[in-house]
Each structure stands twice: as C-alpha cells, then as structure tokens.
Amino acid sequence: MDDFIRPRRLRGSERMRRLARETRVSLDSLVWPLFLREGKNIREEIPSLPGQLRYSPDQAGEAAERALRSGVRALLLFGIPQEKDERGSQAYAKNGVVQQGIRALKERYPELFLITDVCMCEYTSHGHCGILSGRRVDNDKTLPYLAAAALSHAAAGADMVAPSDMMDGRIAAIRTALDENGYTDTPILSYAVKYASAFYGPFRDAAGSAPAFGNRKSYQMDFHNVREAVKEALLDVGEGADMLMVKPAMSYLDVISRVKAETRLPLAAYSVSGEYAMLRAAGAQGLLDEYAAMCESAAGIFRAGADVLITYYARELAEAIKKGDLG
C-alpha cells in the first residue's frame, strides 16, 4: 500500500507542467538596459557585452523597435557624454545625452516605459558616483546634483527615475525636488541594495565609468551582508521610494528573498553585465546551453521574489516566454 501513497513528481504532458508552474514570468516584468552615447549616427558594438550596442539618441529608435518587436516595453537608459567634468554637469544638463534620448524615443514610441539611471559616475571625470571633497565622495554635497539630474529627466519625459549612486538620503532629496516642481506622479525606483561587486566590469567598460582612483566600497555594500540590505531597503521605503532594487541578482538570490519578505514595495532585480557576459562566454565556448541557462537563471531570480527583472537578455527572454519555455 505504501507504494501507492508515496509522493510523486508532477506527471502529465508538457502542457500540464506549464499549467501547474508555481513561478510566472510576464513580458511586462522585463526591462532592457540601453546605452546612449552623445553624438550623431552612432551604432557601435560593445566588445565586453556581445549583442549589446551603444546608440546615439538619433539612432535609438532602432533599439526601441527591436525591443517592441520582441514584446519588451520598458527600457533603462544610461548616458555616455562626450565631455566629463568633476561635477558631472552633463548628468543634469537640459540637453544632456539621456535627456536627448528620452525626447527622441518618446516622440516616436510613446508606448515605451522609459526608466533613467540617475548617477554621477558616467559623467564625472574621476568616475565616482558623487561630488568629491579631496579624494573622498561627499555624500551630502552630492544630493542636490542627483536631485537636479532626476528633475531634468522627468522634465524631458522620463516615466520613472532610478538613482543608483547609493548616497544616503538621495531618495528624499529626489522626491522633494520632483514634488516641488510638479512631478508628483513620477515614481522612483531605488537601487536600494547595491553591492560592491566584481560583476560590474563589462558595464564599466561599456559606459566608461570605472573610477580613476580607489574603489566604491565606501558607498556600495559589502557582499557579506544581508541584514544591511534590509536596513537600506527600509530606509528608502521611508524616504518615498516606489520600487526597490537588488543588484546584482544571480549571486544574491537570498538577498532578493529577504528584502521581498521584509518590505511591501515591488522589487526589481538587476542581472548585471558580468552575469550576462559569463553566460554568453560559456555558451560561445560550448560549455553550456546558453538559452537554457538564461531561462533557468531568470526563473530562479523570479522564484526568489523579484517582480521585475532588468537584464541584457530581456529580448531573448521575451521570446522564450512567447514560446512557453519561460513564464
């Protein structure tokens, strides 16, 4: 009799297994990062991120069409200016590269949901995420500059702003600036839990944002810590964040799960450049099935508790969802 009552794996057809899936992924949960480089007629491959390109604002429509054809309707925009200075002035310039890109994309593709990265590292000559006092990033001096950048993005038409700098108090500063200028409905996606990670290497190459000296460990998080992640997330909730993020994703599934359990806001996970590059390289060497590994890792991130996935594989994952291999 025991043979008839012991637990069994789920049986039935592939259709039955899809019907009974516990973790669901939708096209609306995918965000594709996009690099905008100042200039004209730029469409260039990024060697450290195979399959990804830098576009000038006048060429970004090609990327928008690729995204929309796949079913991806949300982009996260990063800017690469021609000129950098100590205060990162192009981050908040009215006609900065991201501001140009927002206006160009919104004019032609109003259905796109545009999220903008708000930070200083791509715009400063020293490559750090804030204003310096000597060789130290000055947290409080940086806040007005971040608020100005977020406000300029909202004025250009951004649907959401996403501060990634990890300065204390930046969510409150940005929320205040947006509200005082009439952008009360512009939401903030906080990079609330951003670790000092080795997995950012290809991004720093793509965006030209590596620090000129030192590192970012004084303002990004120690990868040994999870209670700190919860503390940082709750502080940003209290300051007015509308959505939270954990970054990176694949090595931080426990952090995603913990932050999800301790907060009530929607949670995004950013599967970063190094994670993408590893799978691409291993697939190219024939060491694993890249497509299957891509689907499996994405499912794991959602299974851990993410509501949104920011990933360079967004378009490929959208096709996998439509084929029934994910979602």
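**Thr124 and the helix contacts of α8, α9, α11 and α12**

The backbone oxygen of His128 lies 3.0 Å from a polar atom of the Thr124 side chain. The model is predicted. Thr124 sits in the loop that links β5 (113-118) and β6 (132-133). Its relative accessible area is 1%. Thr124 therefore counts as buried, the limit being under 20%. Neighbours within four places in sequence were set aside in listing its contacts. Thr124 then touches Lys84, Asp85, Glu86, Arg87 and Gly88. Gly130 is also in contact with Thr124.

Helix packing was examined next. Helix α8 spans residues 227-239, and helix α9 spans residues 253-262. Their axes come within 9 Å. The crossing angle is roughly 45°. Angles under 35 degrees would count as roughly parallel, so α8 and α9 are oblique to each other. Their crossing is right-handed. On the α8 side, the contact is made by Arg227, Ala229, Val230, Ala233 and Leu234. On the α9 side, Val255, Arg258, Val259 and Glu262 take part. By class, this contact has 6 nonpolar and 3 charged residues. No polar residue contributes to the contact of α8 with α9.

Helix α9 also meets helix α11 (residues 290-304). Here the axes come within 8 Å and cross at roughly 30°. The two helices, α9 and α11, are therefore roughly parallel to each other. Leu253, Ile256 and Ser257 form the α9 side of the contact. Gly300, Ile301 and Ala304 form the α11 side. The contact of α9 with α11 has 4 nonpolar and 2 polar residues. It has no charged residues.

An α-helix has 3.6 residues a turn, so residues three or four places apart point the same way. Within α9, the residues in contact with α8 include Val255 and Val259. Those in contact with α11 include Leu253 and Ile256.

Helix α11 is also a packing partner of helix α12. Helix α12 covers residues 314-323. Its buried residues are Ala314, Arg315, Leu317, Ala318, Ala320 and Ile321. Besides α11, these buried residues pack against the strands β1 (30-37) and β12 (308-311). Helix α3 (60-70) is another of their partners. Gly324 follows just after α12. This glycine takes a positive phi of about 90°.

Terms used
Residues are numbered from 1 along each chain as its sequence is written. This is a predicted model: local features need pLDDT of at least 70, side-chain atom pairs count only at pLDDT 80 or more; totals for chains, interfaces and linings use all residues. Side-chain values use heavy atoms; hydrogens and water are left out. Axes are lines fitted to C-alpha atoms, for helices over the stretch in contact, and angles run from 0 to 180 degrees between N-to-C directions. Helices (H or I, at least four residues) and strands (E, at least two) are DSSP runs, numbered from the N terminus. Angles under 35 degrees count as roughly parallel, over 145 as roughly antiparallel, 65 to 115 as roughly perpendicular and the rest as oblique. A crossing is left-handed if the near helix is turned anticlockwise from the far one by less than a right angle, and right-handed if clockwise. Contact means heavy atoms within 4.5 Å. Ala, Val, Leu, Ile, Met, Phe, Trp, Tyr, Cys and Pro count as nonpolar, Asp, Glu, Lys and Arg as charged, and the others, Gly among them, as polar. Buried means under 20% relative accessible area, exposed over 50%, partly exposed in between (1.4 Å probe, protein chains only). A polar contact is a pair of N or O atoms within 3.5 Å; within protein, one must be able to donate a hydrogen and the other to accept it, and residues adjacent in sequence count only if both atoms are side-chain atoms.
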